[in-house]
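These are my notebook entries on the charged side-chain pairs of one structure. I looked up which residues pair, where they sit and how exposed they are.

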Amino acid sequence: MTRAVGTRANEPSACPCGSGPAYAACCGRFHDGPQRGLAPTAEALMRARYSAYALGRDDVLLETWHPSTRPAAIEPRPAGLRWLGLTVRHHETTGPDTATVEFVAVSKLGGRADRLVEKSRFVRVADRWFYLDAAG
């Protein structure tokens, strides 16, 4: 992963979510600065959360997790875990303040690739999107 000079030592030049723009212009703006946590859509928040996982930004993950389902802490990641890519399969607005995002996230640990397939539920409270949980 190419690194650029940024405000954090681990800030990449390309956005981990794979949408194309540089990290600072993509998910980075929802991780730090005046737009922190203010993704305009559930899909944008999903992408920002994936990037937060990829970069180890537990602070962002907890802040964007709805208080009713938020854990006290993020479980430690296994040493050597690498997130390799995100594919958003489907984004659906399910109500005026609810949405779902189905995605595939690929990771690698110890030479073995793994795919996480999830349909996540999101809720908007006071114009701010939050991750709620994985739809059952």
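**Salt bridges in the predicted model**

I began with Asp97, which is partly exposed at a relative accessible area of 35%. The model I consulted is predicted. I then looked up the partner of Asp97 and found a salt bridge to Arg124, with N and O 3.0 Å apart. Asp97 belongs to the loop between strand 1 and strand 2, whereas Arg124 belongs to strand 3 (residues 112-125), so this contact ties together parts 27 residues apart in sequence. Arg124 is also partly exposed, its relative accessible area being 26%.

Next I examined a network. Asp32, Arg36, Arg57, Asp59, Glu63 and Arg128 are joined into one network by salt bridges that share partners.

I turned to Arg89 and recorded a salt bridge with Glu102, where the closest N and O atoms lie 3.5 Å apart. This pair links distant parts of the chain, with Arg89 in strand 1 (residues 82-95), Glu102 in strand 2 (residues 98-109), and their positions 13 residues apart. I noted Arg89 as partly exposed at 45% relative accessibility, and Glu102 as partly exposed at 26%.

For a pair within a helix, I checked Arg47 and Glu43, whose side chains form a salt bridge at 3.3 Å, N to O. Both residues are in helix 2 (residues 42-55), four residues apart, which means a separation of about one helical turn. I found Arg47 buried, with 18% relative accessible area, since the limit for buried is under 20%. Glu43 is partly exposed at 24%.

Finally, I noted the total: the count comes to 11 salt bridges.

Note on methods
Residues numbered from 1 in each chain as written. Predicted model: local features only at pLDDT ≥ 70, side-chain atom pairs only at ≥ 80, totals over all residues. Heavy atoms only, no water. Salt bridge = Lys/Arg side-chain N within 4 Å of Asp/Glu carboxyl O. Helix = DSSP H or I, 4+ residues; strand = E, 2+ residues; numbered from the N terminus. Buried < 20%, exposed > 50% of the residue type's maximum accessible area, 1.4 Å probe, protein only.
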